[in-house]
Amino acid sequence: MILNADFHIHSLFSMAASKDMRPQKLLDSCVIKGIDVIGSGDAIHPKWRQMWDDPDINYHGVTIIPTAEVEGKGKVHHLILMKDFDTAENIYSEMTPFSRNISTGGRPHVALTGERIAEIVHNNGGYIGPAHAFTPWTGMYGKFESITECYGSEVVDFLELGLSADTSYAAGIEELKEIPFLSNSDAHSPAVNKIAREFNRIKVSSNSVKDIISAVLNNRIVLNAGFFPEEGKYNRTACTRCFRQFSALKAESFNWKCPDDGGAIKRGVHDRAKYLSKEGFTTKRPDYVHIIPLGEIIKNVLKTSSPNTKGCLKLYAEFIREFDNEINVLLNVDPCELSELNAEVGLAVEKFRSNEIILHPGGGGMYGNFEIPYR
Ligand SMILES: [Zn+2]
Ligand SMILES: [Zn+2]
């Protein structure tokens, strides 16, 4: 069977997370979204673990994978997958001496190297990989030149691409050739335009936790879906003051100082990935489809300021009623059928599927944006 999975979210105990981020809200959103497997997020946090003990939780058939994110030395973020909450408790106990906020923060800071963190996770039967690996400052490749530099002799079980990268950024990096890629939402709210804004399609023999983790480890991921990396604010190499964009070569020749205003030029994720990749090298990977949440498409079509206006929510509800869930609308349903409900939404979905979106990449701290050609 094929399942849609999102392995990275945060609980209400994480910084900047919504107070609504509770188990039942999360699960209800999964149904609307079409998500079959969701990471618990913050599984190391004692109170969040307890909240999953509530016997009244209605899972709607969604499988929970205990997952967590920790920040290690150098502020690098690591994603952890576990087979049960007991494993999370053991990891919590072992990391406690090295963390001041492990009992309070959903995504704790643990003052250990990537190698030590990975060692603790592996010794307790968990799995680990860099979270949003390409993000400047908190991603592994933002800090390190290689996996070994970060994780030493420990193996890495997967790599999370993150919102700032897609498969094309990582497929040319030789040291990743055996490592599965994940695309997850990192959602801090249970809203349907946050949950599963990036997700994975995996092939499994059952929806048990064991089979799902095995599918990840053995790269039975059949599709990755997520944002255009160009939407990110550090996608291209650009001046952090005036946002003028440069090629890496040009930036180098200007000594990373903007010739217009003397501002610092920040290397973009796109150039960073190119630098780490080996010329001509690539690996066979599942397709990556670029999507944005249906709510954002509807907002774009109705030209409103937010996907939460009355009009947007009404049209969104009509699509879900008609076609079961959002992922169905974005990836499966014939655009002609969608057009019967709303012609422009149908056309927009078609343009996303055929990769005809016009992109204006971000850089230097300014977000990128895109246009949907309604022709
Ligand atoms: Zn993170
Ligand atoms: Zn996170």
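Modeller: Let's start with donors: these are N, O and S atoms within 2.8 Å of the metal (3.2 Å for Na, K and Ca), and since water is not among the atoms, sites may look incomplete. This is a predicted model, where local features need pLDDT of at least 70 and side-chain atom pairs count only at pLDDT 80 or more. Residues are numbered from 1 along each chain, and ligands are numbered from 1 in the order written.

Biologist: What makes E69, H77 and H132 donors of the zinc ion (ligand 1)?

Modeller: E69 (OE), H77 (ND1) and H132 (NE2) sit at 2.0 to 2.2 Å, and the cut-off is within 2.8 Å, so they count. E69 also coordinates the zinc ion (ligand 2), with the two ions 3.5 Å apart. H77 is in strand β5 (residues 77-81), while H132 is in the loop between β6 (127-130) and α5 (140-143).

Biologist: How do you know whether H77 and H132 are buried or exposed?

Modeller: Buried means under 20% relative accessible area, exposed over 50%, and partly exposed in between (1.4 Å probe, protein chains only). H77 has 5%, so H77 is buried. H132 has 9%, so H132 is buried too.

Biologist: And why is S11 called buried?

Modeller: S11 has 0% relative accessibility, so S11 falls in the buried class. You'll find S11 in the loop between β1 (2-6) and α1 (23-33).

Biologist: Which class does D334 get, and why?

Modeller: D334 has 40% relative accessibility, so D334 is partly exposed. D334 lies in the loop between α13 (326-332) and α14 (335-341).

Note on methods. Heavy atoms only, no water. Helix = DSSP H or I, 4+ residues; strand = E, 2+ residues; numbered from the N terminus.
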